[in-house]
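Welcome, and thank you for opening the viewer. Please keep the structure in front of you and follow along, one selection at a time.

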Amino acid sequence: MTTEQLITRIHHKKSFLCIGLDVDLTKIPKYLLELEDPIFEFNKAIIDATHDICVAYKPNTAFYEAYGIKGWQSLQKTIEYINDNHPDIFTIADAKRGDIGNTSTMYAKAFFDDLNFDSVTVAPYMGKDSVEPFLAFENKHTILLALTSNEGAFDFQTKSVNGTELYKTVIETSKAWKNSENLMYVVGATKAEYFKEIRNIIPDSFLLVPGVGAQGGSLQEVCKYGMNENVGLLINSSRGIIYASNGADFAEKAREEALKMQEEMQFIMLPNKN
């Protein structure tokens with residue numbers, strides 16, 4: 001999916017909601033455990049209930065890898081279901097990969113060619129030769145970890161080196177990498193006060209924003225400082241939507257929570273038309 005196509009979807013749906021498909025078998029309705037592939041059946045129900053009010057889905061691969069080959073098969077079935085039935089949805093493999101040379105190329109092939117995700121999250125610590133292999137894929141996007149929502153982000157990301165915070169150095173440096181137009185960036189909602197400075201460095205890039213909802217981030221604050229003329233944001237919510245209920249009505253309740261966020265997003269996008 002191209003950036004222009006993603007922008008078109010956002011304006012058509014009046015939504016920049018991304019739903020995280022992080023399936024924990026201890027949290028899903030117990031009756032699903034009796035099915036052959038409970039992870040996929042859970043995801044399918046969530047997707048069927050929410051596809052019209054979100055623009056992206058983001059499976060965190062750890063929640064699939066933890067179940068071995070069966071979990072990986074569930075991930076493959078999930079992405080195939082999205083691509084076959086809802087090709088207008090932007091897909092994110094939240095894999096946080098990062099290695100050098102041929103290894104990064106193989107990671108990229110796994111997610112872009114084999115699984116056919118639109119994007120993948122990548123750690124920047126090893127520099128350009130660990131990221132550029134991902135950037136080489138046409139109409140695919142690499143989402144660089146820039147300023148994350150966890151408490152440990154302050155261990156390194158906000159530390160100053162020669163007067164500049166490390167996360168700013170990462171973002172600024174990445175702009176010079178080959179095919180950097182294919183970059184997006186992870187910026188946590190719990191760091192909303194940093195968005196203004198980040199936008200000074202990358203005014204036009206898309207930001208994937210975790211931390212709204214269960215982690216306490218404010219949608220209004222993120223949009224105030226982080227939104228650009230093309231919206232430029234993908235706001236992710238996982239637990240707050242997919243685990244809104246652990247009963248038979250889980251998909252219905254997930255839709256209700258997703259709709260609340262979409263309606264707030266629509267108001268922010270079109271404040272004079274509400």
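Two residues are in contact here when they have heavy atoms within 4.5 Å of each other. Keep in mind as you look around that this is a predicted model.

**Stop 1: Phe-42 and the core**

Start by selecting Phe-42. Which residues does Phe-42 touch, not counting those up to four places away in sequence? Show Val-23, Ile-28, Pro-29, Leu-32, Ile-242, Tyr-243 and Phe-250, and you have them.

Phe-42 also belongs to the largest nonpolar core, a set of 88 residues. Along with Ile-10, Phe-16, Ile-19, Leu-233, Leu-234 and Ile-235, Phe-42 touches the most other members of that core. Helix α12 (residues 250–269) gives this core its largest share, eight residues. As background, nonpolar side chains in soluble globular proteins tend to be buried together.

**Stop 2: the barrel**

Now switch to a cartoon view and colour the strands. Eight of them close into a barrel, and going around you meet β1, β2, β3, β4, β5, β8, β9 and β10 in that order, with parallel pairing. From one strand to the next, the twist averages 30°. Add α12 to the selection: this helix packs on the sheet, where it touches β1 (17–20) and β10 (233–237). The direction of α12 makes about 155° with that of β1.

**Stop 3: β4, α6 and β5**

Select β4 (119–122), α6 and β5 (141–147) together. These elements form a right-handed β-α-β unit. The two strands, β4 and β5, pair in the parallel sense over four bridges. To see one pairing in detail, pick Val-120, whose bridge partner in β5 is Thr-142.

How many of the residues of β5 are buried? Seven of its seven residues are, and the strand is mostly covered.

Next, look at helix α6 (residues 128–135) by itself. Its buried residues are Ser-130, Val-131, Pro-133, Phe-134 and Leu-135. They pack against β3 (90–97), α5 (101–114), β4, β5 and β8 (183–187).

**Stop 4: strand β8**

Move on to β8. Why is this strand largely enclosed by the rest of the structure? Five of its five residues are buried, so the surroundings largely enclose β8. Show the side chains and turn the view: Leu-183, Tyr-185 and Val-187 point one way, whereas Met-184 and Val-186 point the other way. In a regular strand, side chains alternate between the two faces of the sheet.

β8 has a partner in β5, which runs parallel to it and is joined to it by five bridges. Look for Thr-142 opposite Leu-183, and for Leu-147 opposite Val-187.

β8 also pairs in the parallel sense with β9 (residues 207–209), over two bridges. Here Tyr-185 stands opposite Leu-207, and Val-186 stands opposite Leu-208. Add helix α9 (residues 195–201) and you have another β-α-β unit: β8, α9 and β9 make it, and it is right-handed.

**Stop 5: Ser-180**

Where is Ser-180 found? Look in the loop between α8 (166–174) and β8. Beyond its neighbours within four places in sequence, Ser-180 is in contact with Leu-135, Ser-174 and Lys-175. Now measure from Ser-180 to Val-131 in your viewer: their C-alpha atoms are separated by 9.7 Å, while the two residues are 49 residues apart along the chain.

**Stop 6: cysteines**

Select the cysteines next. The structure holds zero disulfides. Cys-54 is in none, and its nearest cysteine sulfur, that of Cys-18, is 7.6 Å away. Cys-54 is buried, with a relative accessible area of 0%. Cys-223 is in no disulfide either; the nearest cysteine sulfur to it, again that of Cys-18, is 14 Å away. Cys-223 is buried too, at a relative accessible area of 6%.

**Stop 7: two backbone angles**

Most residues other than glycine have a negative phi. Select Lys-96, which is not a glycine but has a positive phi of about 50°. Lys-96 lies in strand β3 and is partly exposed, with a relative accessible area of 42%.

Finish at Asn-162, where phi is positive at about 55° although this residue is not a glycine. Asn-162 is found in the loop between β6 (160–161) and β7 (164–165). Is Asn-162 buried or exposed? At 79% relative accessibility, Asn-162 counts as exposed.

Note on methods
Residues are numbered from 1 along each chain as its sequence is written. This is a predicted model: local features need pLDDT of at least 70, side-chain atom pairs count only at pLDDT 80 or more; totals for chains, interfaces and linings use all residues. Side-chain values use heavy atoms; hydrogens and water are left out. Buried means under 20% relative accessible area, exposed over 50%, partly exposed in between (1.4 Å probe, protein chains only). Two strands pair if DSSP finds at least two bridges between them. A crossover is right-handed if, with the strands pointing away from the viewer, the path from the first strand over the helix to the second runs clockwise. A nonpolar core is a set of buried Ala, Val, Leu, Ile, Met, Phe, Trp, Tyr and Cys residues joined through side-chain atoms within 4.5 Å. Axes are lines fitted to C-alpha atoms, for helices over the stretch in contact, and angles run from 0 to 180 degrees between N-to-C directions. A disulfide is a pair of cysteine sulfur atoms within 2.5 Å.
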